[in-house]
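Grab a coffee and work through a few exercises on the fold below. Try each task on the structure before you read its solution.

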Amino acid sequence: MSTASPGASVRVLMNGVTGRMGHRQHLVRSVLAIREEGGVRLSDGSRVQLEPVLIGRDARKLRELAARYGLEHWTTDLGEALGAAPANAIYFDGLVTNAREAAIRAAIAAGKHIYTEKPVAETADAALALARLAQERGVKSGVVHDKIFLPGLIKLKRLVDGGFFGRVLSLRGEFGYWVFEGDWQPAQRPSWNYRAADGGGIVTDMFAHWSYVLEHLFGPVRAVTAKAAIHIPRRWDEQGHAYDATAHDAAYAIFELGNGVIAQINSSWCVRVYRDELLELQVDGTEGSAVAGLRGCRVQHRATTPMPVWNPDLPAPERFREAWQEVPDNREFDNGFKTQWESFVRHVVEDAPYTFDLAAGARGVLLAELALRSSAEGRRMEVPPPTPFLPVRKGV
């Protein structure tokens, strides 16, 4: 498969940019931000510019987006866009889950490189089939893995790689916030997120994230025990109509990793936040501990760990939060979605290393499937180790 030469441009077919995530993070804060900087900088110092083509079903919305940002190309015909695009074009998919597989199949058949949101398909078998099709067609693929580009998780990964923790024992994670039901206040998430038939559900959404986050930090997940729930059974959609919520809005899981690390992560859209950030991960090890959020990361070394004594009859004398130190930035952090786009474009143009492809996406879908089975059957589920076709590669 030919790739663009340094200094050239790459056409980016952006399907699903009228939605919140596709518009804000992928179009505005990534592709358009890259264009404003003159393109993606390559290893030789030259730049390759991006040429976006907006694709969707609503011509009015596409026309308005194109006019707002001064873009020339948009269409409601995916087949036409794929047929007109050059060989080195990138197809980006930000559609709802149940529409994604067919669109990616069409893009692979047209020989386009694939960059997609998660989950990559509704089932693990379908996701694996997409990975195989891309491999057979010789196109490159990437799956959005934004969490590992968050400043807080970058710092956490730095601590892991630097041996700060000694032997890592466990990870405890809390993610989520209160999503309004939509009756007396509008919901801040789309209503399809709470309908199983439309591909909604927090397990389907978030466990793909936990798959690559845990893999990136410590290694692949080997087993999962989960309990999913529908805590809010009735919600109201964008038109103010009541509907039955059929997709899970909370999930509580234990992940066992191959190196003995135990991870517990609660994911919920039915929780009121009493923590510093919407996502917090605490890693405990023999030599020290860390608490990482979206941006911040604090540590406590074994030498500075206080010695609490359990006495429920008296107030605790320690101010526990004050015994932790802030991890410095030591660098500037760009928008994580934009950083991923630049990484994938370099992968396409100059074959730079890139880890999280469609095979990695299939691992995330498989983990979500097994978690749902664990919840339904009330038992621990083993996760098959990566096969030669689903390798775990190092480097991003």
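**Exercise 1: Strand 1 and its partners**

Strand 1 and strand 3 (residues 47-55) run parallel and are joined by seven bridges. Keep in mind that you're looking at a predicted model.

Task: Find the bridge partner of Val-10 in strand 3, then work out which residue of strand 5 stands opposite Leu-13.

Solution:
- Step 1. Start with strand 3: Val-10 has Leu-50 as its bridge partner there.
- Step 2. Now go to strand 5 (residues 90-93), which runs parallel to strand 1 and is joined to strand 1 by four bridges.
- Step 3. Look across from Leu-13 and you land on Tyr-91 of strand 5.
- Step 4. Check how covered strand 1 (residues 9-15) is: five of its seven residues are buried, and the strand is mostly covered.

**Exercise 2: The nine-stranded sheet**

Task: Work out the strand order of the open sheet of nine strands, and say which strands are at its edges.

Solution:
- Step 1. Walk across the sheet and you get the order 17-16-15-14-8-13-12-9-18, with mixed pairing.
- Step 2. Look for strands that pair on one side only: these are strand 17 (325-326) and strand 18 (381-382), the edge strands.
- Step 3. Add the helices. Helix 6 (residues 151-161) lies across strand 14, strand 15 (288-292) and strand 16 (297-301), and runs at about 30° to strand 16.
- Step 4. Helix 9 (residues 358-377) lies across strand 9 (221-229), strand 12 (250-257) and strand 18, and it runs at about 55° to strand 9.

**Exercise 3: A closer look at strand 14**

Task: Is strand 14 largely enclosed or open? Sort its residues by the way they point, and trace its pairing with strand 8 and strand 15.

Solution:
- Step 1. Count the buried residues: seven of the seven in strand 14 are buried, so the rest of the structure largely encloses this strand.
- Step 2. Recall that side chains in a regular strand alternate between the two faces of the sheet.
- Step 3. Sort the residues: Leu-279, Leu-281, Val-283 and Gly-285 point one way from strand 14, while Glu-280, Gln-282 and Asp-284 point the other way. Residues in both groups are buried.
- Step 4. Trace the link to strand 8 (residues 168-176): strand 14 (residues 279-285) pairs with strand 8 in the antiparallel sense over seven bridges. Val-168 stands opposite Gly-285, and Gly-173 has Leu-281 as its bridge partner.
- Step 5. Then turn to strand 15: strands 14 and 15 run antiparallel and are joined by four bridges. Val-283 has Ala-290 as its partner in strand 15, and a hairpin of two residues joins strand 14 to strand 15.

**Exercise 4: Helix 1 and its two neighbours**

Task: Which term describes how helix 1 lies relative to helix 8, and which one fits helix 1 and helix 2?

Solution:
- Step 1. Two packed helices are described by the angle between their axes and the distance between the axes.
- Step 2. Helix 1 (residues 20-36) packs against helix 8 (residues 336-350) at about 60°, with the axes 9 Å apart. Helix 1 and helix 8 are therefore oblique to each other, and their crossing is right-handed.
- Step 3. List the residues that meet: Met-21, Gln-25, His-26, Arg-29, Ser-30, Val-31, Ala-33 and Ile-34 from helix 1, with Phe-337, Lys-338, Trp-341 and Glu-342 from helix 8. By class, the contact of helix 1 with helix 8 has six nonpolar, three polar and three charged residues.
- Step 4. Next, helix 2 (residues 59-69): its axis and that of helix 1 come within 13 Å and cross at roughly 30°. Angles under 35 degrees count as roughly parallel, so helix 1 and helix 2 are roughly parallel to each other.
- Step 5. Here His-23, Leu-27, Val-28 and Leu-32 in helix 1 meet Leu-65, Arg-68 and Tyr-69 in helix 2. The class count for helix 1 with helix 2 is five nonpolar, one polar and one charged.

Technical notes
Residues are numbered from 1 along each chain as its sequence is written. This is a predicted model: local features need pLDDT of at least 70, side-chain atom pairs count only at pLDDT 80 or more; totals for chains, interfaces and linings use all residues. Side-chain values use heavy atoms; hydrogens and water are left out. Two strands pair if DSSP finds at least two bridges between them. Contact means heavy atoms within 4.5 Å. Axes are lines fitted to C-alpha atoms, for helices over the stretch in contact, and angles run from 0 to 180 degrees between N-to-C directions. Angles under 35 degrees count as roughly parallel, over 145 as roughly antiparallel, 65 to 115 as roughly perpendicular and the rest as oblique. A crossing is left-handed if the near helix is turned anticlockwise from the far one by less than a right angle, and right-handed if clockwise. Ala, Val, Leu, Ile, Met, Phe, Trp, Tyr, Cys and Pro count as nonpolar, Asp, Glu, Lys and Arg as charged, and the others, Gly among them, as polar. Buried means under 20% relative accessible area, exposed over 50%, partly exposed in between (1.4 Å probe, protein chains only).
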